[in-house]
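Thanks for making the time this morning; I would like to walk you through one model, and please interrupt whenever something is unclear.

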Amino acid sequence: MRRQHLERMAYDVELARHRYMKVDPNNRLVADTLEADWNDKLRLHAEAAEAYERKAREQVGELDAEARRRILDLAEQFPRVWHDPRIDPRERKRILRLLIEDVTLVKADTITAHVRLPGGATRTLTLERPLPIAQIRKIKPEIVSEVDGLLDEHCDREVADILNRRGRRTWEGKAFTLKKVALIRSTYHLPSRYERLRRRNMLTTREVAARFGVSEATVHQWGRQGLIRKCYSDRLARGLWDVPSDETILKGCGGRGARPARRGPITSSKSEQGAV
């Protein structure tokens, strides 16, 4: 504060000198007044400078052993103070302004920071250059490969649950969700679980019904009886069925001599199996 006061007085001296130099020499009354004001400013500035130097010497002399110990303790406690959650960000900025004179950054393959401290001491820090945000947000190749492998046996929601159980996280450090897995599929053109099953010749309920000439309700009944296996089901209960290519379903009949539907080899005669 004393230094700032001294700087303001120096500014007043320069302003008074500028006014005096601009005056018309023939106007002696105004010139004498401005000269006297300039001299007063010079005197006050000299007194303030002398007081500043005297106070600075006194302050150095007052730095006894106890004060030195407290200053050193504060320096050792600085990390704890800096990381204290109760410290407002504005206070941290004020601390930096007190501790750092200026910083020079040099950008190359790495970032070099030359830090100049009050008193002339310097520090040099070398930092890795941060990756572009597009590269940071990019899904890691091993995650994409893992998702691709899981989709052979699991749907998007199940894949997300498995990834979370394995401790995998997104670039933001968040858990995987159904939408995030679907985004990975669409971004990297990975076939969905449904598409993979279709490629393995899994049939829809309508296709199974058309193949055996029965209703879709019968297809679901066969599924409950274990004659065919449902491999996939969505939110609307639509599914895909695994029907072996070398077997058929022998339809049952009611009444006297009733027999349930059963699986049989596809080489059986139509009269024996009663299937269409």
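**Surface, cores and salt bridges**

Let me start with Ile133, whose place is in helix 6, residues 133-137. Please keep in mind throughout that this is a predicted model. Is Ile133 buried or exposed? At 52% relative accessibility Ile133 counts as exposed, because the cut-off for that class is over 50%. Together with Leu131, Ile136 and Trp171, Ile133 makes a nonpolar surface patch of about 380 Å².

To put that in context, the protein has 276 residues, of which 23% count as buried, and its secondary structure comes to 13 helices and eight strands. The accessible surface is about 20600 Å², with 53% of that belonging to carbon and sulfur atoms.

Turning to the interior, the largest nonpolar core has 13 residues, and those with the most contacts inside it are Val147, Val159, Leu163, Phe176, Ile184 and Leu190. The elements that give two or more residues to this core are helix 7 (141-150), helix 8 (156-165) and helix 9 (178-188). A second, separate core has twelve residues, among them Val219, Ile228, Trp241 and Ile249. Going back to Phe176, and leaving aside its neighbours within four places in sequence, we find contacts with residues including Ile143, Ala160, Leu163 and Ile184, and also with Arg168 and Arg169.

The structure holds 16 salt bridges, and I will go through three of them. Which residue forms a salt bridge with Arg185? The partner is Asp156, with the closest N and O atoms 2.9 Å apart. Since Arg185 lies in helix 9 and Asp156 in helix 8, the pair ties together parts that are 29 residues apart in sequence. Arg185 is buried, with a relative accessible area of 18%, and Asp156 also counts as buried, at 12%.

The second pair is Glu216 and Arg206, whose closest N and O atoms are 3.8 Å apart. Glu216 lies in helix 12 (residues 216-225) and Arg206 in helix 11 (residues 205-212), so this bridge ties together parts ten residues apart in sequence. Here Glu216 counts as partly exposed, at 37% relative accessibility, while Arg206 counts as exposed, at 63%.

Finally, the side chains of Arg43 and Glu47 meet in a salt bridge at 3.4 Å, N to O. Because they are four residues apart in helix 2 (residues 28-61), about one helical turn separates Arg43 and Glu47. Both are partly exposed, Arg43 with a relative accessible area of 43% and Glu47 with 40%, and a network of salt bridges links these two with Asp40.

Key: Residues numbered from 1 in each chain as written. Predicted model: local features only at pLDDT ≥ 70, side-chain atom pairs only at ≥ 80, totals over all residues. Heavy atoms only, no water. Core = buried A, V, L, I, M, F, W, Y, C linked by side-chain atoms within 4.5 Å. Buried < 20%, exposed > 50% of the residue type's maximum accessible area, 1.4 Å probe, protein only. Contact = heavy atoms within 4.5 Å. Patch = residues over 30% accessible without salt bridge, like charges linked within 9 Å, V, L, I, M, F, W, Y side chains within 5 Å. Areas by Shrake-Rupley, 256 points an atom, 1.4 Å probe, with all protein chains shown as cover. Salt bridge = Lys/Arg side-chain N within 4 Å of Asp/Glu carboxyl O.
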